[in-house]
There are 2 protein chains.
Amino acid sequence: MTGPTTYFDPARLGELPPDTADLVRRRIAALGPAYRLFYREPLEFVRGNAAHLTTADGVDYLDAYNNVPSVGHAHPRVVAAIAEQAAKLNTHTRYLDAATVAYAEDLLGTFPPHLANVMFTCTGSEANDLALKIAKIATGATGVIVTRNAYHGVTTEVAAVSPSLVGPAELAPWARATASPIGAGDLVADVRAAIDDLAAAGVKPAALLVDTVLASDGVHPDLPGLAEAVALVRAAGGVFIADEVQPGFGRLGSHLWGFAQLGIDPDLVTLGKPMGNGHPIAAVVARPELTAAFAARSRYFNTFGGNPVAIAAAQATLDVLRDEGLPTHAHRVGTRLREGIAALGGPVAAVRGAGLFLGVDLVGAEGTPDEAFTLDVVDAMRRRHVLLATAGETNTTLKIRPPLPFDDADADRLLDALAQSFAELT
Amino acid sequence: MTGPTTYFDPARLGELPPDTADLVRRRIAALGPAYRLFYREPLEFVRGNAAHLTTADGVDYLDAYNNVPSVGHAHPRVVAAIAEQAAKLNTHTRYLDAATVAYAEDLLGTFPPHLANVMFTCTGSEANDLALKIAKIATGATGVIVTRNAYHGVTTEVAAVSPSLVGPAELAPWARATASPIGAGDLVADVRAAIDDLAAAGVKPAALLVDTVLASDGVHPDLPGLAEAVALVRAAGGVFIADEVQPGFGRLGSHLWGFAQLGIDPDLVTLGKPMGNGHPIAAVVARPELTAAFAARSRYFNTFGGNPVAIAAAQATLDVLRDEGLPTHAHRVGTRLREGIAALGGPVAAVRGAGLFLGVDLVGAEGTPDEAFTLDVVDAMRRRHVLLATAGETNTTLKIRPPLPFDDADADRLLDALAQSFAELT
């Protein structure tokens with residue numbers, strides 16, 4: 001249960017400026033103690049643009065963290081699409097809507113032809129919940145295999161397959177996580193062992209569910225053995241679900257989807273975060289045989305899922321992504337940033353990534369992974385007005401995944417701030 | 001697994017106008033077979049206003065079905081709030097946001113003081129999922145008791161406590177539905193039996209979960225015995241969750257919340273559909289002891305849940321509800337409509353309801369409940385350009401729950417169309 005960055009400690013309320021302390025106090029009173037605020041000193045933004053966020057007193061922050069406003073904070077085309085549609089109509093998918101069908105066709109056109117159906121939800125959690133339901137119904141099995149430090153969402157069903165959220169001990173009895181840290185083990189052997197372990201408990205695998213950039217497992221743009229692991233799961237009767245909630249929609253640069261970069265065709269795909277540039281829309285893309293098996297058991301409806309305003313936001317986001325060539329841009333700037341970070345040396349032990357999704361393994365003074373040092377770097381960057389976070393089971397990997405308009409000047413600014421932070425802390 | 005109305009039958013595609021048939025065909029190809037379209041002949045709307053929806057060819061429909069756009073379709077204040085905030089910033093709850101805290105305080109001010117925390121999700125399903133999680137963690141128990149034909153949402157967890165969705169045979173092993181149809185049995189005896197039956201299986205009750213207007217159980221604005229049933233559950237260690245996703249936010253007229261009308265203080269409350277007038281926002285309101293127990297086990301985050309644009313939509317919706325006096329209006333027009341329907345006689349066996357949430361039991365030619373007749377009435381109303389639906393286990397109750405600006409002229413139009421439909425069909 002590591003966090004993705006440093007959090008504000010309510011015991012230090014007295015150290016905040018009085019106005020901030022007052023707002024934090026009211027927030028805790030109203031929202032309760034389960035919510036967290038990023039950073040040792042919390043931030044309040046009032047507007048955003050491209051990869052930049054601005055505080056009430058006009059300070060500009062470089063956003064290298066937020067992957068949800070993927071085509072840029074407050075992108076005018078997405079804002080206009082939302083405003084125009086909201087002013088006309090916002091109902092649901094039990095009436096006909098030509099724009100919904102057109103978007104579904106447009107989106108499906110970016111997938112391999114065998115992935116021919118899309119079903120809309122509001123959140124990535126709901127998408128993974130639905131994908132597991134479809135997989136279980138279609139296979140008649142209940143087992144789910146995930147990676148060792150996976151995160152797939154917050155509903156009860158998907159939290160139970162998210163070891164990074166609930167801890168490995170609280171996985172569902174029908175779930176297994178791979179044994180080795182990603183990048184340090186044999187995925188094929190781990191998946192084989194998971195299938196065997198499920199079998200020993202009388203459970204057949206319904207699905208192998210993998211975030212195709214392994215974000216919470218430390219960011220791994222390749223995953224040796226995945227094709228063989230998928231074949232094992234399919235041979236045991238299960239399907240492969242690619243969780244594209246984080247890698248999808250062009251962030252990885254060379255490919256629109258993480259599974260395409262990995263060279264594996266999934267049976268189900270889940271989409272989320274960047275799909276509507278912050279507007280709540282998510283989806284499951286599926287082989288028609290699977291939706292047919294699901295439909296034989298259940299009709300489908302999600303009140304807000306894919307409503308006309310959500311569809312307008314998603315269509316505008318996809319249009320901007322293409323019209324502004326953001327995947328190509330992400331590839332170019334991401335490569336430059338990756339090379340720049342590697343050249344910094346010092347505590348940088350490894351840089352992985354694709355496009356604008358980077359993982360940077362840091363080591364502390366002893367030359368070994370050091371969580372406290374990594375978190376200090378996050379806070380040192382925040383003091384330099386650059387937002388990033390951490391990833392991985394040991395929380396010793398910097399996670400960099402800015403809005404895609406992040407440009408060369410932004411990359412230079414991040415590199416300067418990182419060099420300064422390293423100098424300050426080493 | 002009854003539906004809320006008639007659905008389009010894909011086998012009758014050839015009977016539709018060519019353009020409609022083409023769009024429906026493309027829709028089925030892209031969204032797959034699990035989606036349904038309302039009505040034997042589907043409808044496509046292009047704009048809405050107050051309680052009216054308009055088709056592409058300019059035909060006005062009276063909307064007595066859609067409870068989501070509760071302050072009226074495309075209400076200009078809500079639209080403006082969404083557009084203005086989206087143009088500035090849309091991040092998430094891990095940064096400070098003064099408007100989020102102000103809305104949380106405003107919303108909580110409408111609840112009894114012991115319900116002092118609110119946590120935001122995107123959908124009512126997510127809200128019920130989270131409420132069950134909190135209840136289970138706080139009580140250390142797992143049992144959930146629901147009403148006989150309850151519907152609480154679509155995630156795997158809440159579908160498993162929704163007999164109207166999955167059928168009584170597929171409830172979770174830790175769930176029990178009350179034995180008698182609502183209004184025709186003894187709720188206290190049924191809840192006692194459910195507690196005993198869970199105990200026999202070694203399960204203690206974590207929660208009694210009740211939609212406080214019993215929408216899918218046929219619309220019941222009162223529920224004799226509820227106070228005693230809640231006391232039984234609490235004595236057995238469980239909590240009471242009021243599902244306000246359908247009744248909440250003033251629809252019932254005299255009270256903002258269904259639990260207030262029933263005179264029962266809940267431990268947890270779930271909110272959804274009308275909260276943002278169609279924008280995806282939902283919430284759990286809770287006793288602080290419960291959120292504290294939850295927070296001791298888990299931090300909480302929902303990517304889109306309560307983001308700044310969702311909060312802007314919710315604040316504008318709550319402001320409009322108050323500024324336009326919509327609960328009082330709903331009480332007045334709803335009473336008039338209820339009396340008008342009762343006066344129609346004929347197939348009307350009973351009219352129940354509060355404010356603008358009505359259930360009308362119909363009987364067929366034999367003087368007994370008749371699903372086919374009730375569905376024919378729904379379609380006869382649709383041909384007269386009035387949208388409504390059905391409810392209840394036997395699907396013989398008309399469900400009327402329009403956007404709250406539904407006015408006297410709208411009520412007269414509905415009454416005329418209903419009289420004509422009855423005349424046509426009897």
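Copies were superposed by least squares on the C-alpha atoms of residues with pLDDT of at least 70 in both. In this predicted model, local features need pLDDT of at least 70 and side-chain atom pairs count only at pLDDT 80 or more, whereas totals for chains, interfaces and linings use all residues. Residues are numbered from 1 along each chain as its sequence is written, chains are lettered from A in the order in which they are written, and side-chain values use heavy atoms, without hydrogens and water.

A turn of 180 degrees with a shift of 0.0 Å along the axis lays chain B on chain A at an RMSD of 0.0 Å. The two copies are therefore related as by a two-fold rotation axis. Ala83(B) is the residue of chain B that comes closest to this axis, its C-alpha lying at 2.5 Å. The same surface serves both copies, since 100% of the contact residues of chain B recur in chain A.

Contact (heavy atoms within 4.5 Å) joins 91 residues of chain B to 91 residues of chain A. The buried area, i.e. the accessible area (1.4 Å probe) that two parts lose on being put together, summed over both, is about 8,100 Å², with 59% from carbon and sulfur atoms.

Between the chains there are 4 salt bridges, each defined as a side-chain nitrogen of Lys or Arg within 4 Å of a carboxyl oxygen of Asp or Glu. Arg297(B) forms a salt bridge with Glu170(A), with 3.1 Å between the closest N and O atoms.
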